[in-house]
2 protein chains.
Amino acid sequence: MARPSRRDHLIETAITLFCEHGYHATGIDLLLDRAGVSKKTMYQHFRSKEELIYAALRQYDGVFRNNFMKAVEAAGKTPKEKLLAIFDVAHTWFNDNKFFGCMFINAIGEYSEKDSPIREISRQFKQLMWNYVAELAKEANVKEPEKLANELCLLLEGAIVTAQVSQKPEAAITAKEIGKKLIDDAMGE
Amino acid sequence: MARPSRRDHLIETAITLFCEHGYHATGIDLLLDRAGVSKKTMYQHFRSKEELIYAALRQYDGVFRNNFMKAVEAAGKTPKEKLLAIFDVAHTWFNDNKFFGCMFINAIGEYSEKDSPIREISRQFKQLMWNYVAELAKEANVKEPEKLANELCLLLEGAIVTAQVSQKPEAAITAKEIGKKLIDDAMGE
DNA sequence: TTATAAGTAAACCGATCTGTTTACTTATAA
DNA sequence: TTATAAGTAAACAGATCGGTTTACTTATAA
């Protein structure tokens, strides 16, 4: 397997640092030092720090959703089981010692400008997560799959923030229990 | 009524700017310019920027919770109504054009150091909000008031983040509907 | 009136920020 | 072998960062 290109390595390093320390707090110099890449090379690949942030979020968007879906598919057989597995996967995520909340939620906190690309990609990420949940809900033949997707996604967001801020990874369990009720309701008990 | 002291005015300005633009992105110079206060005066009142951040969060903690509780008390008569009113108050908050999410959630995203005072006060804020919800739940004579408080607080967090990131203030309504079910369940239908 | 405290404006400090440039060093492929 | 592309290290630039200091100006209260 080919070793990752400089560009990819920069993005990987960026994801790690932005996740843990945030976006403004992470300086380019530190990032380059960590990545072992020269400044010139970085600015050959990215026009600006903001473009690197954007690329990092783009990459993370794909990787995270892919891993998430794979984990969900592996953990549940039926659509209903998969819907519930969402919260088990989240629970595992929360217990990772490198869990620093959701990169996109954190990004929005630092970039409030309405039509910023960073905001846009964050909004998109949540939309794509919603699409996946809505798809599962449709497969489960629930009455109002989109409504259920709204509900389960809201629960997931709540669990993420509660795990992050209140240091309670078990929020995933609370969310799962509520989710179970909602799913049962939606499937016409 | 006495005009606010310089200290209070600085804190007010700080809250506004930190809310909208975040903590690292808000420079002291801009903040002082906005507040119309000299740098020397600021550093007479606060030892550092971080101390100002801390004071701002402290102040916001008190003001926000006070306003929140008053609004909830005004909107609901019975404990159950008050529990539901939480989400109506949140809805109003989300529709404010100066809504930039929760200051404390945003703060955590920028300060990941485990025992940072900024993290601690954020955790505390969420705890105090929980305490209030748990109190209402007890007044409502539900079976497991603490469990219900966990659930409703999780819903509130989810609604906040959904309103902020996905630009959907109506997340408050979704959360309220789920909350209603949970409350009914907990009151032994 | 006058000492004192609290304020302002602005220069200043060293550090750090994002971003550019220069000079040199690899690889790689024709 | 040799031209080319891609890399490094480091100096540099100008702006901005948080924070200090100086000189001057108010208020206020004894």
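In the predicted model, helix α8 of chain A is followed by Gln167(A), a residue whose phi is positive, near 55°. The helix itself runs over residues 145–165 of chain A. At 1.5 Å a residue, its 21 residues should span 30 Å, and the C-alpha atoms at its two ends are 30 Å apart, so the expected and computed values agree. Of these 21 residues, 18 are buried, that is, under 20% relative accessible area. α8(A) is therefore largely enclosed by the rest of the structure.

The surroundings of DNA strand C comprise 16 residues, of which Ile28(A), Lys39(A), Lys49(A), Ser38(B) and Thr41(B) come nearest. Among the atoms of DNA strand C that come within 4 Å of the protein, 49% belong to sugar and phosphate. By residue class, the surface near the strand divides into 7 polar, 6 charged and 3 nonpolar residues.

Polar contacts to DNA strand C involve both side chains and backbone. In chain A, an N or O atom in the side chain of Tyr43(A) lies 2.9 Å from a phosphate oxygen of the strand. In chain B, the side chain of Arg6(B) places an N or O atom 3.1 Å from a sugar or linking oxygen, while a polar backbone atom of Gly36(B) is 3.3 Å from a phosphate oxygen. The elements giving two or more residues to the surface near DNA strand C are α2 (28–35) and α3 (39–45) of chain A, together with α3 (39–45) of chain B.

Methods
Residues are numbered from 1 along each chain as its sequence is written. Chains are lettered from A and ligands numbered from 1 in the order in which they are written. This is a predicted model: local features need pLDDT of at least 70, side-chain atom pairs count only at pLDDT 80 or more; totals for chains, interfaces and linings use all residues. Side-chain values use heavy atoms; hydrogens and water are left out. Helices (H or I, at least four residues) and strands (E, at least two) are DSSP runs, numbered from the N terminus. The expected span of a helix is 1.5 Å times one less than its number of residues. Buried means under 20% relative accessible area, exposed over 50%, partly exposed in between (1.4 Å probe, protein chains only). A residue is near a molecule or strand if one of its heavy atoms lies within 4 Å of it. A polar contact is a pair of N or O atoms within 3.5 Å; within protein, one must be able to donate a hydrogen and the other to accept it, and residues adjacent in sequence count only if both atoms are side-chain atoms. Ala, Val, Leu, Ile, Met, Phe, Trp, Tyr, Cys and Pro count as nonpolar, Asp, Glu, Lys and Arg as charged, and the others, Gly among them, as polar.
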